[in-house]
Amino acid sequence: MNIILLGPPGAGKGTQAQRLVDNHGMKQLSTGDMLRAAVKNETPTGLKVKAIMEAGELVSDEIVSALISDELASMGPETGAIFDGYPRTAAQAHALDQILEAHGRTLDKVIELEVDEDALVDRITGRFTCASCGTGYHDRHKLPKVEGVCDVCGGTEFKRRPDDNEETVRTRMQEYRSKTAPILPIYEERGIVSRVDGMASMDEVTSSIEALLA
Ligand code: AMP
């Protein structure tokens, strides 16, 4: 299966993609994660996109489509792909069609996580992760049981994304509304869009997605 998880920042795409990886051995292709790694490693791409990401704007279609194409090329044909945070523009949606075709894959489903935008700002501006194992926490909704110590691995270092501040989040939402939401009709015409209530608990969202894939 090849599926796209679509939804504004903070809708839970990354969490749900990770669960699909764990439950089904699929591979998560997150352009956001790939770009953050490039920034961290100070690659030529990383240096080019750092300021754009910090401002919450979209990086060029060519850069992200090349990342996705390279990643798919390294995967065996039996491994399903979960596209997380890609495509985000009509040009990327068309590029993805071509990339999938070149790899003999077809797009099975587009799952849109529907969420309330004000709640998203609250979700995003409080989130942080364990620097060692990546477990997610939240200032207001999910603090570690022992302050400063990760529940899962005992790590004591935590990190926050630099673009998770309110001003940048608003820009990211605006980018989603103006450039990403308009690509849904492309997939609606093909009859492959399903919607899931992204405001439900994480486990409920996972169950709804599992039901769609069954
Ligand atoms: P994300 O982790 O998906 O929220 O992405 C973080 C940031 O990376 C975004 O705000 C953009 O600056 C950039 N980015 C990630 N994926 C894309 C994409 N498909 N197209 C353009 N920019 C992207």
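Biologist: How many residues of each class, nonpolar, polar and charged, make up the shell around the ligand?

Modeller: In this predicted model, the shell holds six nonpolar, six charged and four polar residues.

Biologist: Which of the 16 residues around the ligand come nearest?

Modeller: Those that come nearest are Thr 31, Arg 36, Glu 57, Gly 85 and Gln 92. By element, helix 2 (residues 31-40) provides the largest share of the shell, namely four residues.

Biologist: Which polar atoms lie beside the nitrogen and oxygen atoms of the ligand?

Modeller: A polar contact is read as a pair of N or O atoms within 3.5 Å. In this structure, a polar side-chain atom of Thr 31 is 2.8 Å from a nitrogen atom of the ligand. Gly 85 places a backbone N or O atom 2.9 Å from a ligand nitrogen atom. For Arg 161, a side-chain N or O atom lies 3.2 Å from an oxygen atom of the ligand.

Biologist: What percentage of the ligand's accessible area does the protein cover?

Modeller: On its own, the ligand has 480 Å² of accessible area, and the protein covers 96% of that.

Biologist: Let us turn to helix 1. Why do the buried residues of helix 1 line one face?

Modeller: An α-helix has 3.6 residues a turn, so residues three or four places apart point the same way. In helix 1, the buried residues are Lys 13, Gln 16, Ala 17 and Leu 20. Viewed down the axis of helix 1, the buried residues fall within an arc of 105 degrees, so they line one face.

Biologist: What span should the 12 residues of helix 1 have?

Modeller: At 1.5 Å a residue, helix 1 (residues 13-24) should span 16 Å, and its end C-alpha atoms are 16 Å apart, which agrees.

Key. Residues numbered from 1 in each chain as written. Predicted model: local features only at pLDDT ≥ 70, side-chain atom pairs only at ≥ 80, totals over all residues. Heavy atoms only, no water. Near = heavy atom within 4 Å. Polar contact = N/O pair within 3.5 Å; in protein donor to acceptor, adjacent residues only side chain to side chain. Areas by Shrake-Rupley, 256 points an atom, 1.4 Å probe, with all protein chains shown as cover. Helix = DSSP H or I, 4+ residues; strand = E, 2+ residues; numbered from the N terminus. Nonpolar A, V, L, I, M, F, W, Y, C, P; charged D, E, K, R; others polar. Expected span 1.5 Å × (residues − 1). Buried < 20%, exposed > 50% of the residue type's maximum accessible area, 1.4 Å probe, protein only. Arc of directions from axis to C-beta.
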